[in-house]
Amino acid sequence: MIGFVEKCTFRVSLTSSPNQHNTSMKHYYQLSWRVWLSTGIAYASLLVLLGYTLYTPEYRILAPFILLIIALMSITVLWKPVYYEWQPEGLHVRLLAFSKFYPYGQYEVEEDGTLLRRIRLRLFGSGGFFGYLGYFWVVDRGISLCYVAHEGQPVLFIHKPGKKRGIYVNGVKPEQQA
């Protein structure tokens, strides 16, 4: 479902930081209107179905299952990446529901090609519709957390020094942008 993610844009601005990364770059993820439309239709359908089951006594037993489906679907929506930003002290990843910061002193950030044909197994997350969000088995890396919109575009691998497991985001290092 590659067509559902429309574009990723870069915004590069220079800063006057003396640290190792002297650029501040934001990489925005923008999903297609088709993703939002189909997600809205799915939520509306589930809410109508939930309302029907709550007001129909013989189907009331199904209400917890519908709530579970809504909750699981919401996890994927809330994990949607908004942007990541190179900052002088580390890499900031902003998701719809929360943010995560990876300081350069504790994490290494390296380019790792693309994930094309490297994702073998979805453990927990959404694979394809919203990009690759969640935990996946990646060839040569094992279990990895992915915030990847396009598996065919370059990815960055964020990990603790000496560790094989880590996090993937789309993009390239700031030095490669100029």
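**Strand 10 and two loop residues with positive phi**

All 5 of the 5 residues of strand 10 (residues 155–159) are buried, so this strand is largely enclosed by the rest of the structure. Buried here means under 20% relative accessible area, exposed means over 50%, and partly exposed lies in between (1.4 Å probe, protein chains only). Strands (E, at least two residues) and helices (H or I, at least four) are DSSP runs, numbered from the N terminus. The model is predicted: local features need pLDDT of at least 70, side-chain atom pairs count only at pLDDT 80 or more, and totals for chains, interfaces and linings use all residues. Residues are numbered from 1 along each chain as its sequence is written, and side-chain values use heavy atoms, with hydrogens and water left out.

Val155, Phe157 and His159 point one way from strand 10, while Leu156 and Ile158 point the other way; all are buried. Strand 10 pairs with strand 6 in the antiparallel sense over 4 bridges, where pairing requires that DSSP finds at least two bridges between two strands. Strand 10 is also joined to strand 11 (residues 167–170) by 4 bridges, again antiparallel. Phe157 takes part in both pairings: Phe157 is the bridge partner of Glu110, and Tyr168 in strand 11 is the bridge partner of Phe157.

Two loop residues other than glycine have positive phi. Arg117, with phi near 60°, lies in the loop between strand 6 (108–111) and strand 7 (119–127). Arg117 is exposed, with a relative accessible area of 64%. Asp140, with phi of about 70°, is found in the loop between strand 8 (132–138) and strand 9 (142–148). Asp140 is exposed as well, at a relative accessible area of 65%.
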